[in-house]
Amino acid sequence: MTGGPNRNNEIADASLAERGQVRIAWADGQMPVLRSIRERFERERPLEGLRIAACLHVTSETANLLRTLIAGGAEAQLCASNPLTTQDDVAAALVRHHGVGVHAVRGESADAYAAHVVALASRVPHITLDDGADLLSVLHAGDEAWRADLLGGTEETTTGLLRLRALQDEGLLRCPVLAVNESLAERTFNDRYGTGQSTLDGILRATNLLLAGRTVVVLGYGWTGKGVALRAQGAGASVIVCEVDPMRALEARMDGCEVMPALDAAQRGDVFITVTGGRDVLAREHFELMKDGAMLANAGHFDVEISVDQLAELASARRQVLPLVEQFEVGSRRLNLLAQGRVVNLAAAEGHPAAVMDMSFANQALCIEHLSREGAALAARVLPVPPEIDHEVARLKLASLGVKIDELTAAQRDYLTSWRS
Ligand SMILES: NC(=O)c1ccc[n+]([C@@H]2O[C@H](COP(=O)([O-])OP(=O)(O)OC[C@H]3O[C@@H](n4cnc5c(N)ncnc54)[C@H](O)[C@@H]3O)[C@@H](O)[C@H]2O)c1
C-alpha cells in the first residue's frame, strides 16, 4: 500500500519509512496478543467502514495497534498525544506501508500540534482513541457536525479521565468513553510489571548501579510502587516502603518490606524512588539526613515528587557527573539526582516494554470492537472496560505463553452461582 487514505499527511520525512518499518516489525515480535486479534480481525472484519481517529504517542507499538484496526476494516487517522515522543520513522512507515493518515512531527510547535488534532476531529470519526483526552476535548469544543457519527472513544491515561469526567459532570459529554486506564489488565500489567521493570531499567541505565545488597526506599505503595518494590526485591535489594495509607502500608509489611516514615528511611536508603502522584515527597528535611552517595529517582507522573528547588537551595555546589545524573553537594555529602527528577522510566529508559503495551493495546482493540457493536446503545458517560475484555486479553496472553488453565465443570459453576447449595 502506498500513502494513507488522507493525501494531506503531515510527517517529518517520508524517506524514513523503511527504518520505521523495521522498528514496527520488531515491536510486533513482542506483541503476540495484539497479533492474534489482528489475525481474527482480518478474517471477521468487525470494523468495516468505520473512521477511527487516534491521538496517541506515535510509536512502533501504536503502529501495531493501528495495523490491527485497519485489518478489521477501519480507516485510521493518527496524530500525536505528545509531540516529543513521536517517532518520525514510524510515522513515515505508517503512511507508506499501512495506509494510516498521519499528522505528527516530532518536536512540532504547540500550534502545529493543535492543528493536527483539529485535522483529525474534522474528519468526523466514528470512534476515537485518546491518551490525555485532547481529541475528544476538541471534538466536544468544536463544530457540532464533527460529532455527527461519534459512537464512542477510549482513554488511556488518568489525566485524560479527569478531563472527561469533568466534561461529564457539566453534562456535556456526548458519547460513551471506555476507561482503558482503569481496567484490571492495565493496572496489573502496565503499572505493576511495566513501570516496575522500566523504572529500575532507567535507574540502572543512568547509573550502572548494582542493586543487590542495597537498600531501596520506595515512597508510595500503589499499583506502580508495588511493581517497583517487587522488582527491587528480585534484584537482591532490601526494600523499605513509606506510605500514608495504613492499608497499603500493612500490605507492604506483609509483602516482606520494612515500613517506616520517610524521615527514618532517609537515613537508611541508598536509592530513593518516589511514585506517589503527590508533591514534595522528598524535601529539605529528608535531604538533610541522607547518606553520602544516595540516588534520588522519581517514577511518578510529574517532576514535583522530589523537591529539586529545595535540594538546590541546600546544596553548596551542583555538577553533572553522568549524562542523566546531577550531583548536589550537601555539607560533606553528595546526593545524586537522576533525570532531573522527571519520570525516570521514560527519561532514562524506553518506558513500557512492547510486551506490556501488547496487553494495553489488545485491550484497546477489543474496546474499539465493543464500541463498534454497542456504542450507539451505551450511555454517554465514562464507563469501565467490560470484564469480558480483560479476561479475553489474559486468555490470549496465556495462550501466547503456552500456558493452559482449568475450567469450571458445569456442577462447579452451578454450585458457585446457586444460593440453594
Ligand atoms: N512511570 C510510569 O510509567 C507510570 C505508570 C503508571 C503510573 N505512574 C504514576 O505513578 C504515580 C502513582 O500511580 P499509582 O497508579 O501507583 O497510584 P496509586 O494511587 O495506586 O498509589 C499512590 C500511593 O502513594 C501513596 N502516597 C501518596 N502520597 C504519599 C506520600 N507523601 N508519602 C508516601 N506515600 C504517599 C498513596 O497512599 C498511594 O498508596 C502517579 O503519578 C501515576 O501517574 C507512572
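Let's start at the ligand. It has 22 residues around it, and Thr 224, Glu 243, Arg 248, Ala 299 and Asn 345 come nearest. Keep in mind that this is a predicted model.

Now the polar contacts. Glu 243 puts a polar side-chain atom 2.5 Å from an oxygen atom of the ligand. Arg 248 also uses a polar side-chain atom, at 2.9 Å from a ligand oxygen. His 301 uses its backbone instead: an N or O atom there lies 3.0 Å from an oxygen of the ligand.

How much of the ligand does the protein bury? Taken alone, the ligand exposes 860 Å², and the protein buries 75% of that.

Which elements give two or more residues to the shell? They are α8, residues 184-207, and α9, residues 223-234. α8 gives the most, with three residues. As for chemistry, the shell divides into seven nonpolar, 10 polar and five charged residues.

Let's look at α9 itself. This helix has 12 residues. From first C-alpha to last, α9 reaches 17 Å, close to the 16 Å expected at 1.5 Å a residue.

Which residues of α9 are buried? They are Thr 224, Gly 225, Lys 226, Gly 227, Val 228, Ala 229 and Ala 232. Thr 224 we have met already, among the residues that come nearest the ligand.

What do the buried residues of α9 pack against? There are two helices, α8 and α10 (246-254), and three strands, β7 (215-219), β8 (238-242) and β10 (271-274).

One last stop, after the helix. α9 is followed by Gly 236, and the phi of Gly 236 is positive, near 95 degrees.

Methods. Residues numbered from 1 in each chain as written. Predicted model: local features only at pLDDT ≥ 70, side-chain atom pairs only at ≥ 80, totals over all residues. Heavy atoms only, no water. Near = heavy atom within 4 Å. Polar contact = N/O pair within 3.5 Å; in protein donor to acceptor, adjacent residues only side chain to side chain. Areas by Shrake-Rupley, 256 points an atom, 1.4 Å probe, with all protein chains shown as cover. Helix = DSSP H or I, 4+ residues; strand = E, 2+ residues; numbered from the N terminus. Nonpolar A, V, L, I, M, F, W, Y, C, P; charged D, E, K, R; others polar. Expected span 1.5 Å × (residues − 1). Buried < 20%, exposed > 50% of the residue type's maximum accessible area, 1.4 Å probe, protein only. Contact = heavy atoms within 4.5 Å.
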